Each structure stands twice: as structure tokens, then as C-alpha cells.
Amino acid sequence: MVVARDLPGFEERFADVKGVRMRYLVAGSGPAIVLVHGLGGAAANWISLAPGLSRSRRVLVPELPGHGGSAPLAAAPNLSPYADRVAGILERERVAQAAAVGHSLGGSVALRLAIRHSHLVGSVVLAGAAGISSRRRAAVYGLRLSALLQPGRRIAPYRRRIAVSPFLRTVVFGGWGASDPVAMPARAADAFLAGPAGHSDTLSAVRALLLEDPRSELDRVTCPCLVLWGARDTQLSLADAFEYTRRLPARLRVVADCGHLLIGERPDACVDAIESFLSDVGQ
């Protein structure tokens, strides 16, 4: 067993899924839950949630193609190839059915997973999910520019210095990611900055995200859903949360005093919301 350094207590595994070498982490036992990170993220993004969830559940944390230790896709016409690779990991691990939790881009991937592989998904949690306002002109330019310039890769070598400095955390995460960067735990800040150094292709994920509008197929999601959102998310506004909630339909839980990176800012509130929802729907 190889212990993952970026997610303590988890085992690191690799698998060839549809021609793509995928890295994923596993821990715990019980009902399965798969955590899907966002654009430019990695398994480490879940450092504040995954260990707690693994106390009573079998937690699987894949790194999407082109992210972290996973190889890139040969082609990505939409988000389906990303969802298919996550499904391949669940099948390899003999998971009969899992709760799918997706943050940002991962939320869109989780929805695609629930549509294409409904037998594998018992419920969906959308944590600040991308896909609606991501298609607006300003967001399109911002996403493409970020993927081309890769600011995360540039600052990754200094992530530990940034993580322990309230001032530098504010510079890096303020305005878009965290409502209160000073209050964000250093461990969470470090985890959000850990992935970009290993990325091989995030631009394909940006293009895939922008090619489809999830609203056209939300009626195909048949499992229970929870929309989990930061009350002060400036990256993806609460209007998106309300629209997802109305169209699915889904339950809505708004977490106070946090922004887009709610899984790092308010992990206890996120775990409580996820566990309460899964208990209610019998998962």
C-alpha cells in the first residue's frame, strides 16, 4: 500500500481507464462517496473534508484527466470523457453505487456522471458548481486566460510561504475564492495550491466546460440532489445555486460567511450538510 502524502490516511492508486492513466486516493469503509475536485484542482483540495467523511464511508478521490497525477485526454469534446473516467474508477473499485460530490467544475462532472452512469450514482451534491454563469462572456475570457497563463503553476513553488501568511493568503485568495482569506486555515490554503504544479492539461477542461450548458439536461438527473453554496461566492453567484435548485429540483443549503472555496473555508459546515443530506436520502 502506498500512502498518499497529499491526503493523509488515504491510499494512492493508479488505473488505466479508457486509455488514460488515472490517479485516485481511497480510504475508509461503508457507503461509497466520490469527491470530484474543480478546475485546476487536485485530490488535495479535499484535505479538510475527506478524512472526516472516511470515518463512516468509503471515500474515493480521483484526479481528473490532465490534473494532478492523472494523464491528459487525447480529446475532450465535452465533459463526458471526464465523467466516464470517474465512472471507470468506481467500476474498478467495484462500487455498486456512490454519492457524487463535486466542487466547481467537479459539480458539472458529477452531473454528467449521474446522467451517463445513473446506475453508479445514488445522489449528487453540487458544491459551488460551475456550468451556468461559466458561459457568460466575462467568465469565458477569464477561464481561458487562467488556463493559458496558469497562475497556479507559477505560485505553487511558494505555496507554503503563502499558506502561513495572512497577507499573502489575502493576495492569492481574496476577491474570488475566499470570503475571509485570513481565517482560512493554512492547511487548506496549501492544499488548494498543491495541485497546479503537476497539471498537464487544464485548457481542455475549460473548453469542455464551455461547450455545454448543463441546464438542457438537468431533467435527466433522477437521483436526489443537494445544492451547497457559499453565501459570499463571487466566482459563481447564488443565482446559479437557485437555478440549479429549481431546475433539478434539489435541496439548497447556503453556508454563511464563505466564498467559492467553501470546502476549505467552512469544512465542518460542508460535512454536516453532506452527512445530513445523505442520511435523509438513505445513503
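In which loop does Ser54 lie? This predicted model places Ser54 between helix 1 (50-53) and strand 4 (58-62), and that loop is where our close-ups begin.

**View 1. Ser54 in the loop between helix 1 and strand 4.** Is Ser54 buried or exposed? With a relative accessible area of 16%, Ser54 falls under the 20% cut-off, so the residue counts as buried. Look next at the side chain: one of its polar atoms sits 2.7 Å from the backbone oxygen of Pro51. Leaving aside residues up to four places away in sequence, Ser54 touches Phe10, Ala27, Gly28, Ser29 and Val59.

**View 2. The largest nonpolar core.** Nonpolar side chains tend to be buried together in soluble globular proteins. Here the largest nonpolar core has 51 residues, and the members that touch the most others are Tyr82, Val109, Val124, Tyr244 and Leu248. Helix 3 (residues 105-116) is the element that gives the most to this core, contributing seven residues. A second core, separate from this one, has 45 residues, among them Leu35, Ala43, Val101 and Ala178.

**View 3. A closer look at Tyr82.** Which residues does Tyr82 touch, not counting those up to four places away in sequence? Its partners are Leu64, Pro65, Leu73, Ala76, Val109, Ser204, Ala205 and Ala208. Of these, Val109 also appears with Tyr82 among the core members that touch the most other members.

**View 4. Helix 2 meets helix 3.** The axes of helix 2 (residues 80-92) and helix 3 come within 8 Å of each other, crossing at roughly 70°. That angle makes helix 2 roughly perpendicular to helix 3. The crossing is right-handed. From helix 2, the meeting residues are Ser80, Tyr82, Ala83, Asp84, Val86, Ala87 and Leu90, while helix 3 brings Val109, Arg112, Leu113 and Arg116. You will recognise Tyr82 and Val109 here from the views of the core.

**View 5. Helix 7 passes helix 8.** How do helix 7 and helix 8 lie, oblique or roughly parallel? The axes of helix 7 (residues 166-173) and helix 8 (residues 186-194) cross at roughly 40° and come within 12 Å. The two helices are therefore oblique to each other. This crossing is left-handed. Where the helices meet, Arg169, Val172 and Phe173 belong to helix 7, and Ala186, Ala189, Phe192 and Leu193 to helix 8.

Terms used:
Residues numbered from 1 in each chain as written. Predicted model: local features only at pLDDT ≥ 70, side-chain atom pairs only at ≥ 80, totals over all residues. Heavy atoms only, no water. Helix = DSSP H or I, 4+ residues; strand = E, 2+ residues; numbered from the N terminus. Buried < 20%, exposed > 50% of the residue type's maximum accessible area, 1.4 Å probe, protein only. Polar contact = N/O pair within 3.5 Å; in protein donor to acceptor, adjacent residues only side chain to side chain. Contact = heavy atoms within 4.5 Å. Core = buried A, V, L, I, M, F, W, Y, C linked by side-chain atoms within 4.5 Å. Axes fitted to C-alpha atoms, helices over the stretch in contact; angles between N-to-C directions. Parallel < 35°, antiparallel > 145°, perpendicular 65-115°, else oblique. Left-handed = near helix turned anticlockwise from the far one by under 90°.
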